[in-house]
Amino acid sequence: MTEADVATKAPESDAQETVIPGDTPAQTGPTMGEHCTSDRPTPAGQAPNGELRKLGGVDVYLAKPDTYPTNPSKLLLLLSSGTGIKSTNNQIQADKFADEGFVVVMPDLFEGNPAPNSSPIPDAETQGTSFLDMVKLKAAEIAKSFVIDEWLARHTEEKVMPILEKVIDACKAEFADAVGNGGGIYAVGYCFGGRYILLLASESSRRASSGWTGAQKSKDEEAGDGTDLAKKGPYIKAGALAHATLVSTDDFQGLKVPVSLVCVENDPMFPDSVRETGEDIMSKENVEHEVQVYPGVPHGFAVIGDYDEANIKDAQATAFEQMLIWIKEH
């Protein structure tokens with residue numbers, strides 16, 4: 001098995017683009033690729049064991065160790081890709097962490113509205129078609145991109161963070177033993193959920209009366225005396241994220257807890273420039289972190305799903321171990 005490369009050993013100027021069959025090309029503006037909005041086939045013989053229920057008024061998928069609560073456990077939030085909590089693969093992913101001794105809570109970040117499928121038109125479908133038919137196929141692909149952008153506009157930070165706050169409060173109440181045993185809450189996130197690991201790991205200021213809006217403050221507000229600002233976070237003890245999407249360099253500001261990043265080489269959804277700037281910020285701020293870059297794999301590879309390619313299967317197992325070891329050791 002080829003070990004993942006440390007991010008700092010692969011400068012962007014030296015990197016050659018790796019083309020993964022079926023992967024999503026780079027796009028402009030905030031968006032997500034097909035691996036964030038559609039599942040791979042579920043591996044044969046695997047099925048979820050947890051339950052769908054309400055927690056703090058929010059729909060969640062809950063997975064617990066067989067020995068809980070007889071034996072002590074720790075509390076883990078799992079933040080999914082756009083496929084949401086009813087995805088069989090996401091549920092099996094949660095079960096894998098439960099098998100390692102965590103009470104796993106996977107909240108519905110999308111209020112029952114998971115991402116629409118955004119799979120691009122396969123090249124094979126464009127072979128032997130007329131120019132007009134090809135235009136129609138490409139137009140359909142562009143339309144799917146617009147649908148994704150519209151979906152993203154309905155699931156912004158100001159909508160998602162209050163959901164997470166409700167779930168975190170409910171976890172502290174119902175699973176106080178697990179939270180206490182771990183000395184806090186742990187969290188892992190994939191694709192869409194990956195960015196929210198960074199937000200949960202950071203300390204930020206917001207006006208006490210305004211709520212979490214994510215809106216830009218005016219210069220006058222920034223220049224204020226700060227007396228009406230409330231500190232929020234960090235919400236977690238440690239976090240790990242895999243092939244995050246929609247991340248900006250600002251998301252690395254204010255990090256206060258250890259974080260581990262699983263990254264894809266030449267990932268258009270998480271550009272090298274953002275990752276490298278984020279590493280610089282974390283190093284300058286003395287934030288404990290690790291970054292592993294996996295070559296020759298598609299965005300979304302770390303989520304449970306069946307692949308034919310042995311190197312992707314190996315990388316998937318390695319990424320899980322990376323995230324698991326990180327949260328266990330912190």
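Let me start with one polar contact in this predicted model: the side chain of Asp251 has a polar atom that lies 2.9 Å from the backbone nitrogen of Ser248. Asp251 itself is found in the loop that runs between strand β9, residues 238-242, and strand β10, residues 259-264. Is this aspartate buried or exposed? Its relative accessibility is 6%, and because buried means under 20%, Asp251 counts as buried. If we set aside residues up to four places away in sequence, Asp251 touches Arg195, Leu198, Leu199 and Leu246.

Two of those residues, Arg195 and Leu199, also bring us to a pair of helices, since they belong to the α6 side of the contact between α4 and α6. Helix α6 covers residues 192-200, and its axis is 12 Å from that of α4, the two packing at an angle of about 70°, which means that α4 is roughly perpendicular to α6. Their crossing is right-handed, and from α4 the contact is made by Glu157, Val160, Met161, Leu164 and Ile168, while α6 contributes Phe192, Arg195, Tyr196, Leu199 and Leu200.

Now to the nonpolar cores, of which the largest has 54 residues, with Leu77, Val105 and Phe252 having the most contacts inside it. Helix α4, residues 157-174, supplies the largest share of this core, namely eight residues. As for Phe252, and again leaving aside neighbours within four places in sequence, this residue is in contact with Leu198, Val247, Leu261, Phe270, Val274, Gly278, Ile281 and Met282. There is also a second, separate core of 32 residues, and among its members are Ala242, Val297, Ile312 and Leu324.

Key. Residues are numbered from 1 along each chain as its sequence is written. This is a predicted model: local features need pLDDT of at least 70, side-chain atom pairs count only at pLDDT 80 or more; totals for chains, interfaces and linings use all residues. Side-chain values use heavy atoms; hydrogens and water are left out. A nonpolar core is a set of buried Ala, Val, Leu, Ile, Met, Phe, Trp, Tyr and Cys residues joined through side-chain atoms within 4.5 Å. Buried means under 20% relative accessible area, exposed over 50%, partly exposed in between (1.4 Å probe, protein chains only). Helices (H or I, at least four residues) and strands (E, at least two) are DSSP runs, numbered from the N terminus. Contact means heavy atoms within 4.5 Å. A polar contact is a pair of N or O atoms within 3.5 Å; within protein, one must be able to donate a hydrogen and the other to accept it, and residues adjacent in sequence count only if both atoms are side-chain atoms. Axes are lines fitted to C-alpha atoms, for helices over the stretch in contact, and angles run from 0 to 180 degrees between N-to-C directions. Angles under 35 degrees count as roughly parallel, over 145 as roughly antiparallel, 65 to 115 as roughly perpendicular and the rest as oblique. A crossing is left-handed if the near helix is turned anticlockwise from the far one by less than a right angle, and right-handed if clockwise.
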